[in-house]
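User: Got a model open here and want a quick tour of its side chains, pockets and odd backbone spots. Can you walk me through?

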Amino acid sequence: MNSIIITGAGTGIGRSTAHAFLDAGWGVGLVGRRVEALEETAAGRENARVMPCDVTDEAAVDACFDAAAQSWGRLDAIFNNAGVAMKGSPIDELSVADWRNLIEINVTGAFIAARAAFRIMRNQEPQGGRIINNGSISAHVPRWGSAPYTASKHAITGLTRTISLDGRPFNIACGQIDIGNATTEMGSTAAAGVPQADGSIAVEPMMDVGNVARSVLHMASLPLEANVQFMTVMATNMPFIGRG
(Lines give C-alpha, C1' and ligand atoms only; values in the text may rest on other atoms or scores of the structure.)
Protein backbone atom coordinates (compact mmCIF):
# COMPACT_ATOMS: atom_id res chain seq x y z
CA MET A 1 0.00 0.00 0.00
CA ASN A 2 1.36 3.42 -0.95
CA SER A 3 1.45 6.02 1.81
CA ILE A 4 1.12 9.80 1.99
CA ILE A 5 0.97 12.45 4.71
CA ILE A 6 -1.32 15.41 4.03
CA THR A 7 -0.97 18.53 6.17
CA GLY A 8 -3.95 20.78 6.69
CA ALA A 9 -6.13 17.71 6.16
CA GLY A 10 -9.04 18.80 8.34
CA THR A 11 -10.79 21.05 5.84
CA GLY A 12 -10.90 22.33 2.27
CA ILE A 13 -8.26 21.23 -0.20
CA GLY A 14 -6.61 18.98 2.38
CA ARG A 15 -9.82 17.10 3.16
CA SER A 16 -10.82 16.71 -0.48
CA THR A 17 -7.34 15.49 -1.41
CA ALA A 18 -7.29 13.05 1.51
CA HIS A 19 -10.57 11.54 0.32
CA ALA A 20 -9.16 11.09 -3.20
CA PHE A 21 -6.14 9.21 -1.86
CA LEU A 22 -8.22 7.14 0.57
CA ASP A 23 -10.55 6.16 -2.28
CA ALA A 24 -7.48 5.15 -4.31
CA GLY A 25 -6.37 2.80 -1.54
CA TRP A 26 -3.44 4.79 -0.17
CA GLY A 27 -2.52 4.88 3.50
CA VAL A 28 -3.16 8.52 4.40
CA GLY A 29 -1.77 10.39 7.41
CA LEU A 30 -4.04 13.31 8.28
CA VAL A 31 -2.16 16.20 9.90
CA GLY A 32 -3.82 19.25 11.41
CA ARG A 33 -4.33 21.12 14.65
CA ARG A 34 -7.97 20.11 15.26
CA VAL A 35 -8.46 16.42 15.98
CA GLU A 36 -12.25 16.66 15.51
CA ALA A 37 -11.84 17.95 11.95
CA LEU A 38 -9.28 15.24 11.16
CA GLU A 39 -11.63 12.56 12.47
CA GLU A 40 -14.37 13.92 10.22
CA THR A 41 -12.00 13.66 7.26
CA ALA A 42 -11.05 10.10 8.23
CA ALA A 43 -14.72 9.10 8.57
CA GLY A 44 -13.75 5.73 10.04
CA ARG A 45 -11.61 4.66 7.06
CA GLU A 46 -9.20 1.88 7.98
CA ASN A 47 -6.47 3.33 5.76
CA ALA A 48 -6.67 6.78 7.42
CA ARG A 49 -4.33 7.73 10.25
CA VAL A 50 -5.39 10.75 12.36
CA MET A 51 -2.24 12.69 13.31
CA PRO A 52 -3.04 15.88 15.28
CA CYS A 53 0.02 18.11 15.02
CA ASP A 54 1.01 21.77 14.62
CA VAL A 55 3.32 22.02 11.60
CA THR A 56 5.26 24.84 13.27
CA ASP A 57 6.32 22.49 16.09
CA GLU A 58 9.49 20.81 14.85
CA ALA A 59 9.65 18.09 17.52
CA ALA A 60 5.97 17.22 17.14
CA VAL A 61 6.25 16.99 13.34
CA ASP A 62 9.34 14.76 13.52
CA ALA A 63 7.68 12.42 16.02
CA CYS A 64 4.41 12.35 14.09
CA PHE A 65 6.04 11.62 10.72
CA ASP A 66 8.39 9.00 12.17
CA ALA A 67 5.51 7.12 13.82
CA ALA A 68 3.53 7.06 10.57
CA ALA A 69 6.49 5.88 8.49
CA GLN A 70 7.28 3.14 10.98
CA SER A 71 3.64 2.01 10.96
CA TRP A 72 3.49 1.85 7.15
CA GLY A 73 7.05 0.64 6.65
CA ARG A 74 7.92 3.68 4.50
CA LEU A 75 6.69 7.12 3.44
CA ASP A 76 6.01 7.49 -0.28
CA ALA A 77 4.73 11.06 -0.46
CA ILE A 78 3.71 14.20 1.38
CA PHE A 79 1.27 16.91 0.32
CA ASN A 80 2.54 20.04 2.09
CA ASN A 81 -0.79 21.83 2.20
CA ALA A 82 -1.28 23.55 5.58
CA GLY A 83 -1.59 27.31 5.34
CA VAL A 84 -3.55 30.42 6.31
CA ALA A 85 -4.56 33.67 4.62
CA MET A 86 -5.25 37.22 5.83
CA LYS A 87 -7.76 39.94 5.06
CA GLY A 88 -6.47 42.16 2.27
CA SER A 89 -4.91 45.45 3.35
CA PRO A 90 -2.25 47.88 2.07
CA ILE A 91 1.15 47.00 3.50
CA ASP A 92 1.24 49.98 5.90
CA GLU A 93 -2.00 48.78 7.53
CA LEU A 94 -0.71 45.24 8.20
CA SER A 95 0.66 44.36 11.62
CA VAL A 96 4.08 42.77 11.92
CA ALA A 97 2.59 40.25 14.36
CA ASP A 98 0.08 39.07 11.75
CA TRP A 99 2.86 38.88 9.13
CA ARG A 100 5.00 36.76 11.45
CA ASN A 101 2.12 34.40 12.25
CA LEU A 102 1.33 33.81 8.57
CA ILE A 103 4.97 33.31 7.59
CA GLU A 104 5.49 30.94 10.52
CA ILE A 105 2.65 28.69 9.32
CA ASN A 106 2.89 29.03 5.53
CA VAL A 107 6.68 29.03 5.15
CA THR A 108 8.33 27.72 8.31
CA GLY A 109 5.64 25.05 8.73
CA ALA A 110 6.11 23.91 5.13
CA PHE A 111 9.88 23.81 5.63
CA ILE A 112 9.57 21.75 8.84
CA ALA A 113 7.21 19.22 7.23
CA ALA A 114 9.30 18.93 4.06
CA ARG A 115 12.46 18.56 6.15
CA ALA A 116 10.96 15.69 8.15
CA ALA A 117 9.69 13.93 5.02
CA PHE A 118 13.00 14.40 3.20
CA ARG A 119 14.92 12.86 6.14
CA ILE A 120 12.67 9.79 6.16
CA MET A 121 12.75 9.35 2.37
CA ARG A 122 16.53 9.73 2.26
CA ASN A 123 17.07 7.04 4.88
CA GLN A 124 14.43 4.47 3.95
CA GLU A 125 14.99 1.43 1.75
CA PRO A 126 14.42 1.63 -1.14
CA GLN A 127 15.43 5.26 -0.99
CA GLY A 128 13.22 8.03 -2.29
CA GLY A 129 9.77 9.57 -2.28
CA ARG A 130 7.81 12.62 -3.44
CA ILE A 131 7.12 16.00 -1.84
CA ILE A 132 4.27 18.06 -3.29
CA ASN A 133 3.98 21.66 -2.09
CA ASN A 134 0.79 23.71 -2.26
CA GLY A 135 1.71 26.97 -3.94
CA SER A 136 -1.01 29.24 -5.28
CA ILE A 137 -1.86 31.51 -8.17
CA SER A 138 -0.29 34.02 -5.75
CA ALA A 139 3.06 32.29 -6.31
CA HIS A 140 2.93 33.99 -9.74
CA VAL A 141 0.94 37.23 -9.36
CA PRO A 142 -0.50 39.02 -6.30
CA ARG A 143 -3.95 40.06 -5.35
CA TRP A 144 -4.45 43.56 -3.98
CA GLY A 145 -3.34 43.95 -0.37
CA SER A 146 -1.79 40.49 -0.07
CA ALA A 147 1.85 41.16 0.79
CA PRO A 148 2.19 38.46 3.50
CA TYR A 149 0.35 35.72 1.62
CA THR A 150 1.98 36.49 -1.73
CA ALA A 151 5.44 36.61 -0.15
CA SER A 152 4.79 33.25 1.53
CA LYS A 153 3.76 31.58 -1.73
CA HIS A 154 6.75 32.97 -3.62
CA ALA A 155 8.85 31.45 -0.83
CA ILE A 156 7.16 28.09 -1.39
CA THR A 157 8.31 28.20 -5.02
CA GLY A 158 11.89 28.72 -3.89
CA LEU A 159 11.52 25.86 -1.42
CA THR A 160 10.13 23.60 -4.14
CA ARG A 161 12.97 24.33 -6.54
CA THR A 162 15.64 23.80 -3.89
CA ILE A 163 14.17 20.53 -2.60
CA SER A 164 13.84 19.30 -6.17
CA LEU A 165 17.56 19.95 -6.67
CA ASP A 166 18.66 18.64 -3.26
CA GLY A 167 16.59 15.50 -3.70
CA ARG A 168 18.20 14.30 -6.92
CA PRO A 169 20.94 12.15 -5.30
CA PHE A 170 18.35 10.45 -3.07
CA ASN A 171 15.56 9.73 -5.60
CA ILE A 172 13.34 12.36 -3.95
CA ALA A 173 11.10 14.28 -6.38
CA CYS A 174 9.52 17.60 -5.47
CA GLY A 175 6.79 19.46 -7.32
CA GLN A 176 4.30 22.25 -6.72
CA ILE A 177 0.61 22.68 -7.44
CA ASP A 178 -0.64 26.26 -7.88
CA ILE A 179 -4.36 26.53 -7.27
CA GLY A 180 -6.81 29.22 -8.30
CA ASN A 181 -10.39 29.72 -7.09
CA ALA A 182 -11.37 26.32 -5.71
CA THR A 183 -14.60 25.91 -3.77
CA THR A 184 -13.27 25.80 -0.21
CA GLU A 185 -13.86 27.90 2.90
CA MET A 186 -10.64 29.82 2.21
CA GLY A 187 -11.14 30.15 -1.52
CA SER A 188 -14.89 30.82 -1.67
CA THR A 189 -14.50 34.58 -1.10
CA ALA A 190 -13.87 34.89 -4.85
CA ALA A 191 -17.46 33.81 -5.46
CA ALA A 192 -18.70 36.70 -3.31
CA GLY A 193 -16.56 39.36 -4.95
CA VAL A 194 -12.92 40.27 -4.44
CA PRO A 195 -10.82 43.37 -5.17
CA GLN A 196 -9.34 43.58 -8.65
CA ALA A 197 -6.15 45.31 -9.79
CA ASP A 198 -8.11 48.38 -10.93
CA GLY A 199 -9.75 48.80 -7.51
CA SER A 200 -13.11 47.34 -8.51
CA ILE A 201 -14.85 44.43 -6.78
CA ALA A 202 -15.78 41.47 -8.98
CA VAL A 203 -17.23 38.01 -8.60
CA GLU A 204 -14.81 35.45 -10.04
CA PRO A 205 -15.46 32.01 -11.57
CA MET A 206 -14.90 29.02 -9.29
CA MET A 207 -14.06 25.35 -9.83
CA ASP A 208 -14.89 22.26 -7.80
CA VAL A 209 -12.17 21.41 -5.27
CA GLY A 210 -12.24 17.82 -6.51
CA ASN A 211 -10.25 18.97 -9.54
CA VAL A 212 -7.40 19.87 -7.19
CA ALA A 213 -7.60 16.53 -5.39
CA ARG A 214 -7.42 14.56 -8.63
CA SER A 215 -4.47 16.66 -9.80
CA VAL A 216 -2.49 15.98 -6.61
CA LEU A 217 -3.29 12.27 -6.89
CA HIS A 218 -1.98 12.28 -10.46
CA MET A 219 1.26 13.99 -9.40
CA ALA A 220 1.79 11.53 -6.55
CA SER A 221 0.99 8.46 -8.66
CA LEU A 222 3.76 9.01 -11.20
CA PRO A 223 6.83 6.76 -11.00
CA LEU A 224 9.80 8.54 -9.42
CA GLU A 225 11.52 8.72 -12.80
CA ALA A 226 8.95 11.41 -13.72
CA ASN A 227 7.94 14.60 -11.94
CA VAL A 228 5.38 17.33 -12.42
CA GLN A 229 7.61 20.25 -11.43
CA PHE A 230 4.83 22.85 -11.50
CA MET A 231 1.12 22.47 -12.21
CA THR A 232 -1.47 25.25 -12.28
CA VAL A 233 -5.08 24.15 -11.83
CA MET A 234 -7.67 26.90 -11.78
CA ALA A 235 -11.17 27.93 -12.73
CA THR A 236 -10.95 28.27 -16.51
CA ASN A 237 -12.20 31.84 -16.72
CA MET A 238 -10.73 33.33 -13.55
CA PRO A 239 -8.69 36.52 -14.11
CA PHE A 240 -5.23 35.03 -13.86
CA ILE A 241 -3.81 35.55 -17.33
CA GLY A 242 -3.55 39.33 -17.48
CA ARG A 243 -4.04 39.81 -13.75
CA GLY A 244 -1.82 42.23 -11.86
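Analyst: What follows goes through salt bridges, a buried acid, empty spaces and backbone oddities. One caution: this is a predicted model.

User: Start with charges. How many salt bridges does the structure hold?

Analyst: The structure holds 7 salt bridges. One of them pairs Arg115 with Glu58, with the closest N and O atoms 3.3 Å apart. That pair links distant parts of the chain. Arg115 sits in helix α4 (residues 96-123) and Glu58 in helix α3 (residues 58-72), 57 residues apart.

User: Are Arg115 and Glu58 buried or exposed?

Analyst: Arg115 is partly exposed, at 42% relative accessible area. Glu58 is also partly exposed, at 41%.

User: What does Arg119 pair with?

Analyst: Arg119 forms a salt bridge with Asp66, and their closest N and O atoms are 3.1 Å apart. This pair also links distant parts of the chain, with Arg119 in helix α4 and Asp66 in helix α3, 53 residues apart. Arg119 is partly exposed at 32% relative accessible area. Asp66 is partly exposed too, at 24%.

User: And which salt bridge does Arg143 make?

Analyst: The side chain of Arg143 meets that of Glu204, at 2.7 Å from N to O. Arg143 lies in the loop between β5 (129-134) and α5 (147-166), and Glu204 in the loop between β8 (201-202) and α7 (210-221), so the salt bridge ties together parts that are 61 residues apart in sequence.

User: How accessible are Arg143 and Glu204?

Analyst: Arg143 is partly exposed, with a relative accessible area of 23%. Glu204 is buried, at 4%.

User: Which residues do shared salt-bridge partners join into one network?

Analyst: Asp62, Asp66 and Arg119.

User: OK, new topic. Where does Asp178 lie?

Analyst: Asp178 is in strand β6, residues 172-180. The residue is buried and has no salt bridge.

User: Why no salt bridge for Asp178?

Analyst: The nearest side chain of opposite charge, Lys153, is 7.7 Å away. A salt bridge needs a side-chain nitrogen of Lys or Arg within 4 Å of a carboxyl oxygen, so Lys153 does not qualify.

User: What polar contact does the Asp178 side chain have?

Analyst: The side chains of Asp178 and His140 are joined by a polar contact of 2.8 Å.

User: What else does Asp178 touch?

Analyst: Setting aside residues up to four places away in sequence, Asp178 touches Gly135, Ser136, Ile137, Ala139 and His140. The list also includes Phe230, Met231, Thr232 and Val233.

User: Lys153 came up there. Which cavity does Lys153 line?

Analyst: Lys153 lines the largest cavity, together with Asn80, Asn81, Ala82, Asn106, Ala110, Asn133, Asn134 and Ile156. About 40 Å³ of space lies in that cavity. The structure holds 1 cavity of 30 Å³ or more.

User: Which elements supply at least two residues each to that lining?

Analyst: α4, β5 and α5.

User: Pockets next. How much space lies in the second largest pocket?

Analyst: About 160 Å³. Residues lining that pocket include Ser164, Arg168, Asn171, Cys174, Glu225 and Gln229. The largest share of the lining, 3 residues, comes from β6.

User: Now the backbone. What is unusual about phi at Asn171?

Analyst: Phi of Asn171 is near 60°, a positive value in a residue other than glycine. Most residues other than glycine have a negative phi. Asn171 is in the loop between α5 and β6, and counts as partly exposed at 38% relative accessibility.

User: What about phi at Ala43?

Analyst: Ala43 has a positive phi of about 50°, although it is not a glycine. Ala43 lies in the loop between α2 and β3. At 56% relative accessibility, Ala43 is exposed.

User: Which peptide bond is cis?

Analyst: The bond from Glu125 to Pro126 is cis, with omega near 0°. Pro126 is in the loop between α4 and β5.

User: Last one. Is Asn47 buried or exposed?

Analyst: Asn47 is buried, at 18% relative accessible area. Its place is in the loop between α2 (35-42) and β3 (48-52). Leaving aside neighbours within four places in sequence, Asn47 is in contact with Met1, Leu22, Gly25, Trp26, Gly27 and Val28.

User: How far is Asn47 from Arg168?

Analyst: Their C-alpha atoms are separated by 30 Å, and Asn47 and Arg168 are 121 residues apart along the chain.

Notes. Residues numbered from 1 in each chain as written. Predicted model: local features only at pLDDT ≥ 70, side-chain atom pairs only at ≥ 80, totals over all residues. Heavy atoms only, no water. Helix = DSSP H or I, 4+ residues; strand = E, 2+ residues; numbered from the N terminus. Buried < 20%, exposed > 50% of the residue type's maximum accessible area, 1.4 Å probe, protein only. Lys, Arg positive; Asp, Glu negative; His and termini not counted. Polar contact = N/O pair within 3.5 Å; in protein donor to acceptor, adjacent residues only side chain to side chain. Contact = heavy atoms within 4.5 Å. 1 Å grid on protein atoms, 1.4 Å probe; cavity = no way out; pocket = protein on both sides within 12 Å on 5 of 7 lines; lining within 4 Å. Points joined across faces, edges and corners; volume = space filled by probe spheres on them.
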